[in-house]
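User: I am new to protein structures and would like to learn how to read one, feature by feature. Could you take me through an example?

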Amino acid sequence: MRGYFGIGVEQISKEGNIGNLMRSAHSFGASFFFTIQPAIDVKGIRATDTSGAFDHLPYYQYEDVKEMSLPTGCQLVGIELIEDSIELPSFKHPTRAAYVLGPEMGSLSPELQERCDHIVHIPMKFCVNVGVAGALVMYDRLISMRRFPPRPVKAGGPTEGLADHNFGHRRKQRTQK
Ligand SMILES: C[S@@+](CC[C@H](N)C(=O)[O-])C[C@H]1O[C@@H](n2cnc3c(N)ncnc32)[C@H](O)[C@@H]1O
């Protein structure tokens, strides 16, 4: 798959949620994980991290939004159920992306929303758990950016393999004079 992604969360306050989100990030192939102003000792949750994500995933901790820094060319995608945000199934994921979720008892801060290049929401009746929301967005990235055999017309597994990759025409080489 082309590009990379990282995922993070602002003002997280529950160990179980961060462990859950990190485990999913690790499993979906995230390149880094970050927190902004966490309300718990994130490094202290190592003991409850069963997938060993801390040993395999670079972790960055920022004390506030101003301190947050991302790799050059990496677009920040806020995940929040707010008006005027983009519906996830219609969103084109950036090749280089950092996704950020809000706290369990609130929403992405106005300052963080301001920094986002895009804000997306998962169309549903009400908010779900922060770890679940993160996993759904990572899954959407996977199915929209990786190639899979097409879904069949009838219920069940695929009936055909991957279509051949269609390479573009070769560009004409400039001849040097
Ligand atoms: C449990 S929600 C926070 C509570 C929520 N703001 C409320 O009104 O009750 C925690 C975080 O999960 C993410 N989240 C949950 N459901 C979402 C959805 N349907 N679309 C986008 N983000 C969602 C957001 O990042 C949110 O800040």
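Analyst: We will go through the sheet, then a helix, then the surroundings of the ligand, keeping in mind that this is a predicted model.

User: How many strands does the sheet have, and in what order do they lie?

Analyst: The order in space need not be taken from the numbering, and here the open sheet of 7 strands has the order 3-2-1-6-4-7-5, with parallel pairing. Strand 3 (59-62) and strand 5 (86-87) are the edge strands, since each pairs on one side only.

User: Which strands does strand 1 pair with, and over how many bridges?

Analyst: Strand 1 runs parallel to strand 6, to which 6 bridges join it, and it also pairs in the parallel sense with strand 2, over 5 bridges. To find the register, look for residues that stand opposite each other: Phe5 faces Ala97 in strand 6, while Gly8 faces Phe34 in strand 2. Between strand 1 and strand 2 the chain passes through helix 1, and this β-α-β crossover is right-handed.

User: What stands opposite Ala97 on the strand 4 side?

Analyst: That residue is Gln75, and the pairing of strand 4 (residues 75-79) with strand 6 (residues 96-101) is parallel, over 5 bridges.

User: Is strand 1 mostly covered or mostly uncovered?

Analyst: Strand 1 is mostly covered, with 6 of its 7 residues buried. As a general idea, side chains in a regular strand alternate between the two faces of the sheet.

User: Why does the length of helix 1 agree with what one should expect?

Analyst: Helix 1 (residues 15-28) has 14 residues, and at 1.5 Å a residue these should span 20 Å; the end C-alpha atoms are 20 Å apart, so the two agree.

User: Which residues of helix 1 are buried, and what covers them?

Analyst: The general idea is that an α-helix has 3.6 residues a turn, so residues three or four places apart point the same way. In helix 1 the buried residues are Asn17, Ile18, Gly19, Leu21, Met22, Ser24 and Ala25. Their cover includes strand 1 (4-10) and strand 2 (32-36), together with helix 2 (53-56) and helix 4 (130-145). After helix 1 comes Gly29, whose phi is positive, near 90°.

User: Which residues come nearest to the ligand, and what kinds of residue make up its shell?

Analyst: Among the 17 residues around the ligand, those that come nearest are Leu101, Gly102, His121, Cys127 and Ala133. Sorted by kind, the shell has 10 nonpolar, 5 polar and 2 charged residues.

Methods
Residues numbered from 1 in each chain as written. Predicted model: local features only at pLDDT ≥ 70, side-chain atom pairs only at ≥ 80, totals over all residues. Helix = DSSP H or I, 4+ residues; strand = E, 2+ residues; numbered from the N terminus. Expected span 1.5 Å × (residues − 1). Buried ≥ 20, exposed ≤ 12 C-beta atoms within 10 Å, placed from the backbone. Contact = placed C-beta atoms within 7 Å. Near = placed C-beta within 6 Å. Nonpolar A, V, L, I, M, F, W, Y, C, P; charged D, E, K, R; others polar. Pairing = 2+ DSSP bridges. Right-handed = clockwise from strand over helix to strand, strands pointing away.
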